[in-house]
Amino acid sequence: QVQLVESGGGLVQAGGSLRLSCVASGSIFRINTMAWYRQPPGKQRELVATVTSGGSTNYADSVKGRFTISRDNTKNTVYLQMNSLKPEDTAVYYCKVEAVVKAWPPTADFYWGQGTQVTVSS
């Protein structure tokens, strides 16, 4: 019932910046935490950053100080501003949303986007 569409990925040189967006649509009663994950080639998917409904953020140590997660609750959109990009940031980036689709029962489920490729060249 919830669809997530990521955008903003692409090819960038080391030291450059990209801004990812993820828009949630469908039957949504409430969105709780939103997050960004990434999966480098040949590696497991890892958590990059989270933002709560109140705007509190957390980051993986590998991106702290370089990436900023934010959200626009009026647009059901989460962003990931990525600065000072490194080749090791190369991965498919996925957004994940914890959402409640109906008022009762107010069960929260997790939804994933299809991913957007970020490639950082040296």
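Select strands β9 (residues 91-100) and β11 (residues 116-121) to begin: the two run antiparallel and are joined by three bridges. Strands here are DSSP runs of E of at least two residues, numbered from the N terminus, and two strands pair if DSSP finds at least two bridges between them. Within this pairing, V92 stands opposite Q117 in β11.

The model on display is predicted; local features need pLDDT of at least 70, side-chain atom pairs count only at pLDDT 80 or more, and totals for chains, interfaces and linings use all residues. Residues are numbered from 1 along each chain as its sequence is written, and side-chain values use heavy atoms, with hydrogens and water left out.

**The partners of β9**

Keep β9 selected and add strand β10 (residues 108-112), which is antiparallel to β9 and joined to it by five bridges. Here K96 stands opposite W112 in β10. Next, add strand β4 (residues 30-39), which pairs with β9 in the antiparallel sense over eight bridges; Y37 stands opposite Y94 in β9. Nine of the ten residues of β9 are buried, so the strand is largely enclosed by the rest of the structure. Buried means under 20% relative accessible area, exposed over 50%, and partly exposed in between, with a 1.4 Å probe and protein chains only.

**E98**

Select E98, which is also in strand β9. E98 is buried yet has no salt bridge, and R30, the nearest side chain of opposite charge, is 7.6 Å away. A salt bridge requires a side-chain nitrogen of Lys or Arg within 4 Å of a carboxyl oxygen of Asp or Glu. For charge, Lys and Arg count as positive and Asp and Glu as negative, while His and the chain ends are not counted. Contact means heavy atoms within 4.5 Å; leaving aside neighbours within four places in sequence, the contacts of E98 include R30, I31, D109 and F110.

**The disulfide**

Now select C22 and C95, which are joined by a disulfide with an S to S distance of 1.9 Å. The pair links distant parts of the chain, 73 residues apart: C22 is in strand β3 (residues 18-26) and C95 in strand β9. The structure holds one disulfide, defined as a pair of cysteine sulfur atoms within 2.5 Å. Its torsion about the S-S bond is about 45 degrees, so the disulfide is right-handed. Both C22 and C95 are buried.

**The nonpolar core**

Select W36, L80, M82 and Y93, which touch the most other members of the largest nonpolar core, a set of 28 residues. Such a core is a set of buried Ala, Val, Leu, Ile, Met, Phe, Trp, Tyr and Cys residues joined through side-chain atoms within 4.5 Å. Strand β9 gives the most to this core, with five residues. Not counting residues up to four places away in sequence, L80 touches ten residues' worth of surroundings that include L20, W36, V48, F67 and Y93.

**Loops to finish**

In the loop between β9 and β10, select P105; the peptide bond from W104 to P105 is cis, with omega near -10 degrees. Move to N76 in the loop between β7 and β8, where phi is near 50 degrees, a positive value in a residue other than glycine. Most residues other than glycine have a negative phi, and most peptide bonds are trans. At 27% relative accessibility, N76 counts as partly exposed.

Terms used
Helix = DSSP H or I, 4+ residues; strand = E, 2+ residues; numbered from the N terminus.
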